[in-house]
Amino acid sequence: MNQHNLKHPHKELRALLGKRFSTDDTVRDAHARDASYHQGALPDAVAFPKTNAEVSEILKICAKHKIPIVPYGTGTGVEGAVVATEGALCIALNNMSSVLRVSQDDRDATVQAGVTRFQLNGHLMDLGTQLHFPVDPGADASLGGMVATRASGTSAVRYGTMLDNVLGLTVITADGSIVHTGSRARKSAAGYDLTRLFIGSEGTLGIITEITLKLTRLPEAVAAAVCAFPTVAAAVDTVIKMMDTGINIARIELLDELQMDAVNKHAGLDYEVAPTLFFEFHGSERTVAESSEIAGKIAAAHGSGDFRWATDENDRKRLWQARYDSYYAALNRRPRSVGYVTDVCVPISQLAECIAKTKTLLAKSNLVPSILGHVGDGNFHVVFPLEPNNKDELAEAQQLSHQIVDIALEMDGTCTGEHGVGIGKRKALEKEHGEAVDLMRAIKHALDPLNLMNPGKIFL
């Protein structure tokens, strides 16, 4: 669909939004991609709505003129979920960035989709509450995008994923209908669970504009630690044993020796270059002390080095920022490289074998990938620093990614624990779910018969 065909709807959209409708090349380019290597077309235009009513009118105009729609949050995804489709209108939700309501008594909040997790937690702090939103994917992602991709992150082992922390949504469907799902009640048996239908739908069923979220009380005490191990297997076995004891751990992150070396150099740290676990314990002073002591004994039994503790808030922030920057640290191992990243998730009892097989596979590669992950829930990532525009390297990374997925699926795992499907894992989704993908397509067709909502994502 070219600019000539879009001339009339452009007039309608500009009349609706004024200066918040743009065909500027710089604006279009900024909304054409996410943080992945995936490349798409420039959107034909970018719309910046502020209200549900405006989103509804935009979708009605797009339905009338059969214009594809790509929703856009902060662009921090890594599987191409917001890469633009040719002829599409990008709907950027960053102007929908208000915290609409907070209830300390009910421990919930309602926000617009463009609110980021840092913004929400800062707002809760400014209100003087003892509440926070715990789902932590590392990047300061928009909460709407986190819902759309069913995000999780470092704290999922204790606090769960977005799936566990969303009570209700406002969604604008392909025909412009404004639909409210769920409620503020903590449980319900009323009808189909439409909230969870839209969580993880990656913009293919509707545009999420408002979210009602569960909040969690801030812990009384927090302690973080770093501990090195002789092998990745010893580190993973430690995680499995700790999870089996039921001790109160909020985060357990694994970095292999290559990733740890990269983090040291990137963040100016001096940790041992070895397979390493990052821990964080939340709870009362007594609970944190007891959990820390038990964790130390378990780690020592698996050949660990000493725990290096970070109990001061600034020290903890520096420690975890180094973990959050692991992706960029991995790219710095190869200057001027671009990143290809994949993730899988397996039952925790299969984690050690899955990582071992993955490392054996990667050792045969000419590339220099590293491994990190949220191993407390069986999820890990592989980061490939690639030479820009090197088709051979990209092909090799993609082939290795397919093989890693196959290893995970053989162990009753999933092709993606938190990155989503987007463009990059459409074939893997079919391999994982088989005929169930046809049912997903049928749901997509029922809600979006013209295939205008983020077309080409999730399904081939």
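Which residue caps the N-terminal end of H10? In the predicted model examined here, this role falls to Asp256, a side-chain oxygen of which lies 3.2 Å from the backbone nitrogen of Leu258. Helix H10 itself spans residues 257-267. Beyond the helix comes Gly268, with a positive phi near 70 degrees.

The buried residues of H10 are Gln259, Met260, Ala262, Val263 and Asn264. An α-helix has 3.6 residues a turn, so residues three or four places apart point the same way. The cover over the buried residues of H10 includes three strands, namely S13 (249-255), S14 (276-283) and S17 (370-374), together with the helices H12 (313-324) and H13 (326-332).

Strand S17 contains Ile371. This residue counts as buried because its relative accessibility is 2%, which is under the 20% limit. With residues up to four places away in sequence left out, the contacts of Ile371 include the capping residue of H10, Asp256, and one of the buried residues of that helix, Gln259. Leu254 and Leu255 are likewise touched by Ile371, as are Ile355, Thr358, Lys359 and Leu362. The list of contacts is completed by Phe380, His381 and Val382. The separation between Ile371 and Arg334 amounts to 37 residues in sequence and, from C-alpha to C-alpha, 15 Å in space.

Aromatic side chains were examined next. The count of aromatic pairs comes to nine. One of them joins Phe279 and Phe281 in a stacked arrangement, with 6.1 Å from centre to centre and 10 degrees between the planes. Phe279 and Phe281 are both buried. An edge-to-face arrangement is found for Tyr327 and Tyr328, with a centre-to-centre distance of 5.2 Å and 75 degrees between the planes. The two tyrosines fall into separate accessibility classes: Tyr327 is buried because its relative accessibility is 17%, whereas Tyr328 is partly exposed because its relative accessible area is 47%.

Ring pairs also extend into a cluster, in which Phe279 and Phe281 are linked with Phe307 and Trp309. A further arrangement involves a charged side chain and a ring: Arg251 lies over the face of Trp320, at 5.0 Å from the ring centre.

Technical notes
Residues numbered from 1 in each chain as written. Predicted model: local features only at pLDDT ≥ 70, side-chain atom pairs only at ≥ 80, totals over all residues. Heavy atoms only, no water. Buried < 20%, exposed > 50% of the residue type's maximum accessible area, 1.4 Å probe, protein only. Helix = DSSP H or I, 4+ residues; strand = E, 2+ residues; numbered from the N terminus. Contact = heavy atoms within 4.5 Å. Polar contact = N/O pair within 3.5 Å; in protein donor to acceptor, adjacent residues only side chain to side chain. Phe/Tyr/Trp six-rings, centres within 6.5 Å; stacked < 30°, edge-to-face > 60°. Lys NZ or Arg CZ within 6 Å of the ring centre and 35° of its normal.
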